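Hi everyone, thanks for making time this morning. Please pull up the sequence and the structure on your screens, and we'll walk through a few places together.

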Amino acid sequence: MRREPFYQVPDNKKIRVIIDTDAYAEGDDQYAIVHALLTPKFEVMGIVAEHFGDRFENTMEKSYEELERLISKMDGVDVPIYRGQVKRLSDAPDEPISEGVQFMMDEAMSEDERPLFVLNMGAVTNIAKAYQVAPEIGDKMIAIWIGGGPYGGAVMDFNAGNDPAAANVLIGSSIELWQIPMTAYTQMEVSFHELYDRVRPYGEVGKYIFENLLEVSDVECAMDFSAWPMFQQASKGARTMIIRSGEGWSLGDSPAVGVLVTGQGKHQEVRKAQYINADGSYGDFVGEDRMVRVYHSIDSRVILEDLFAKLKYQYGETL
């Protein structure tokens, strides 16, 4: 049985939320999804499964199945889940509209006057497809995107790299865009011992997301990244810290929720939007009037502590 919030969010602060997620790609999407579903300010209208390239066969379906597992662990949560596009835009330009894309368009065009935020935690194929089909949704939603490499560098991050064409559709669109690039989302560092203490004891879902992340870590930490050109000059000791340390994780999708829970305004700027080049660097400007809000860093502790407190409040120490 879900506990009612102990405070009331004023009506003018309440928002609609759509979560677009490649939930099976790693183990951090689950933390952000749970955080969103426990946040009184949000009414999560639905969750759309996102593909994550060709790492597995039919990665969108893998994400959909993971969403079903995750939601089944949350007592009292009833939120619709939709299948998104199967492939990236550039691989399937004529692919039919998925149920998830149709849901995004329908929700954007609804008569509900509350702001609609789409939390994009992965590639942005679904929202880009929706905009291509119905560009009139552009002024009816705000996209928060976890993705893009650092400004001033040439790094293609995982999310942008899974559909660069879709990323550039979003960047060039009329949708209000809040971008949280790699320089910011990698600051969500947390240790496994902290998660064991602050997440695992709280509900079936706390236990699930903790154990799932450890399983993902076992696989990813065993991978050898030392052959990558950027790491070939690393010392033997430095290579023990490449990508993953083995002692913790970066919950990189959580800032999509965090920037709506707290202001996170210390290190953000509104700047002219630039398209992403093939090497991940930022190139041509979209136009004089196309702006994007960019978060260059985030306060990870306030976001993590809010998640921990909401898990404890909702589930108590049950496991």
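## A valine and its neighbours

Let's begin with Val292. Setting aside residues within four places of it in sequence, Val292 is in contact with Tyr151, Leu177, Gln179, Glu269, Val270, Arg271, Lys272 and Ala273. Before I go on, I should say that this is a predicted model.

Where does Val292 sit? You'll find Val292 in strand S12, which covers residues 291–295. Is Val292 buried or exposed? Its relative accessibility is 3%, so Val292 counts as buried. Take Glu269 from that list of contacts: Val292 and Glu269 are 23 residues apart along the sequence, and their C-alpha atoms are 8.2 Å apart in space.

## Salt bridges

Now to the charged side chains. How many salt bridges does the structure hold? The count is 17, and I've picked three to show you.

The first on my list is Arg16 with Glu107, where the closest N and O atoms are 2.9 Å apart. This pair links distant parts of the chain: Arg16 belongs to strand S1, residues 15–21, while Glu107 belongs to helix H3, residues 99–108, and 91 residues separate the two. Both partners, Arg16 and Glu107, are buried. They also belong to a network of salt bridges that links Arg16, Glu43, Glu107, Asp112 and Arg114. If you're clicking along, highlight those five residues together.

Next, have a look at Glu194 and Arg198. They form a salt bridge in which the closest N and O atoms are 4.0 Å apart. Why are these two separated by about one helical turn? Because they are four residues apart in helix H8, residues 192–198. As a reminder, an α-helix has 3.6 residues a turn, so residues three or four places apart point the same way. For the surroundings, Glu194 is buried, at 17% relative accessible area, whereas Arg198 counts as partly exposed, at 25%.

My third pair is Asp306 and Lys310, whose side chains meet in a salt bridge at 2.7 Å, N to O. Here too the spacing is four residues, about one turn of the helix, and the helix in question is H11, residues 300–315. Lys310 is buried, and its relative accessible area is 12%. Keep Asp306 and Lys310 in mind, please, as they come back in a moment.

## Helices against helices

On to helix packing. Two packed helices are described by the angle between their axes and the distance between the axes.

Let's stay with H11. Helix H1, residues 29–37, packs with H11 at an angle of about 65 degrees, and the axes are 10 Å apart. The crossing of H1 and H11 is left-handed. Which residues meet there? From H1 we have Tyr31, Val34 and His35, and from H11 we have Ile303, Asp306, Leu307, Lys310 and Leu311. Sorted by class, the contact of H1 with H11 has five nonpolar residues, one polar and two charged. So there are Asp306 and Lys310 again, among the H11 residues in this contact.

The other pair is helix H4, residues 125–133, with helix H6, residues 164–171. Their axes are 8 Å apart, and the angle is about 55 degrees, which means H4 is oblique to H6. The crossing of H4 and H6 is left-handed. H4 brings Thr125, Ile127, Ala128, Tyr131 and Gln132 to the contact, and H6 brings Ala166, Val169 and Leu170. By class, the contact of H4 with H6 has six nonpolar residues, two polar and no charged ones.

One more point on H6: Ala166, Ala167, Val169, Leu170 and Ile171 are buried in this helix. What do the buried residues of H6 pack against? They pack against H4, strand S5 (142–146), strand S6 (176–180) and strand S10 (274–276).

## Two positive phi values

Last topic, the backbone. Most residues other than glycine have a negative phi. Asn58 has a positive phi, near 55 degrees. Asn58 is in the loop between strand S2 (42–49) and helix H2 (59–72), and it is partly exposed, with 35% relative accessible area.

Gln264 has a positive phi as well, near 50 degrees. Its loop runs between helix H10 (255–261) and strand S9 (268–272). Is Gln264 buried or exposed? At 10% relative accessibility, Gln264 counts as buried.

That's my tour, and I'm happy to go back to any of these places.

Note on methods:
Residues are numbered from 1 along each chain as its sequence is written. This is a predicted model: local features need pLDDT of at least 70, side-chain atom pairs count only at pLDDT 80 or more; totals for chains, interfaces and linings use all residues. Side-chain values use heavy atoms; hydrogens and water are left out. Buried means under 20% relative accessible area, exposed over 50%, partly exposed in between (1.4 Å probe, protein chains only). Axes are lines fitted to C-alpha atoms, for helices over the stretch in contact, and angles run from 0 to 180 degrees between N-to-C directions. Angles under 35 degrees count as roughly parallel, over 145 as roughly antiparallel, 65 to 115 as roughly perpendicular and the rest as oblique. A crossing is left-handed if the near helix is turned anticlockwise from the far one by less than a right angle, and right-handed if clockwise. Contact means heavy atoms within 4.5 Å. Ala, Val, Leu, Ile, Met, Phe, Trp, Tyr, Cys and Pro count as nonpolar, Asp, Glu, Lys and Arg as charged, and the others, Gly among them, as polar.
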